[in-house]
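This report describes one protein chain, beginning with its surface and ending with its loops. Please keep the sequence and the structure in view while reading.

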Amino acid sequence: QFGSSEAPSQVSAETLRKVAAQGHVEVFSLVHATPSNKFTGVNIYLDEVGMLKRLPLNTRATEFAAQAGYNPPPQFYGDVFLGRLKTKPILQNLSMKLGEDSSLGAPWLQRATMDNLEYQTALNTLTGKNETQAPVDGEGGVAKAEDGYKWTQTEEELEMTVKLPEGVGSKDVKVKFMPQSIKIQCRSEGLQALKLFERIDPDGCIWTLETAKDGGKQLVITMEKVEQALWPRIKD
């Protein structure tokens, strides 16, 4: 079990069972059970409405998913519980050792990518499909169009492009960066005001005026994320 901060989680197995009984727990298959791992999988148990509750990003859980071969890895919010489950010959919960099994160098996690590939290959053979993960908005340099602007992202940064009226110069533009919002003014008029999905570092944000492909001017804003993770959307 591990939390969304550096402090260790205090969630007990009994607490998890009580919460699960109330229908609040979502199960994410971190490692699928396969013949190669003797039908022993590893799951992440998390709050199914963690994002809606505005719980903090759990970057450690995301690192585990990336290590297990998920690309891009999903985002997890709040504290999570890590559990090992044997599916054959009978369904059985297995213990995990703190430290030995909960580190990024754990042997089961080092084998996870191959285990998941084995599972997916078997599933594709069975269904005749070739499943791939859905891309995240703004990833890979592919801009996501919004009302009045476009944006792209990496795990570290967010880039926003805003088309400007003709004749606008740098003295006409004002951009105010706040911990989780941004305001853009052009010639003293509000152009955009966004409450962002997650926090940014105002000291790590910059803006420039560039010439667009059509010859017009555009405002290019680069924002540094506090947490290194892909966002499912730009706005809260």
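Accessible areas are obtained by the Shrake-Rupley method with a 1.4 Å probe, and for residues only the protein chains shown count as cover. The accessible surface of the chain comes to about 13,800 Å², and 52% of this surface belongs to carbon and sulfur atoms. The model is a predicted one, in which local features need pLDDT of at least 70 and side-chain atom pairs count only at pLDDT 80 or more, while totals for chains, interfaces and linings use all residues. Residues are numbered from 1 along each chain as its sequence is written, and side-chain values use heavy atoms, with hydrogens and water left out.

**Overall composition**

The chain has four helices and 12 strands; these elements are DSSP runs numbered from the N terminus, with helices being H or I of at least four residues and strands being E of at least two. Of its 236 residues, 37% count as buried. Here buried means under 20% relative accessible area, exposed means over 50%, and partly exposed lies in between (1.4 Å probe, protein chains only). Among contacts with a separation of 6 or more, 56% are between residues 24 or more positions apart, where a contact means heavy atoms within 4.5 Å.

**Strand 6 and its partners**

Why is strand 6 described as largely enclosed by the rest of the structure? Four of the five residues of this strand (residues 149-153) are buried, so the rest of the structure largely encloses it. Strand 6 is joined to strands on two occasions in the pairing list, and two strands pair if DSSP finds at least two bridges between them. The table sets out both pairings.

| Strand pair | Bridges | Direction | Example of bridge partners | Residues between the strands |
|---|---|---|---|---|
| Strand 5 (residues 144-146) and strand 6 | three | antiparallel | A145 and K150 | two |
| Strand 6 and strand 7 (residues 157-163) | five | antiparallel | Y149 and V162 | three |

Both connections are hairpins. In the hairpin of strand 5 and strand 6, G148 takes a positive phi near 95 degrees.

**Loops with special backbone values**

Most residues other than glycine have a negative phi, and most peptide bonds are trans. Two peptide bonds of the chain may be set against this background. A cis peptide bond joins N71 and P72, with omega of about 5 degrees; P72 lies in the loop between helix 2 (59-67) and strand 3 (81-86). The bond from K88 to P89 is also cis, with omega near 0 degrees, and P89 belongs to the loop between strand 3 and strand 4 (92-94).

Positive phi values occur in the loop between strand 9 (181-186) and strand 10 (189-195). R187, which is found in this loop, has a phi near 55 degrees, a positive value in a residue other than glycine. S188 is placed in the loop between strand 9 and strand 10, and its phi is near 70 degrees, likewise positive in a residue other than glycine. R187 is partly exposed, with a relative accessible area of 42%, whereas S188 is exposed, at 69%.
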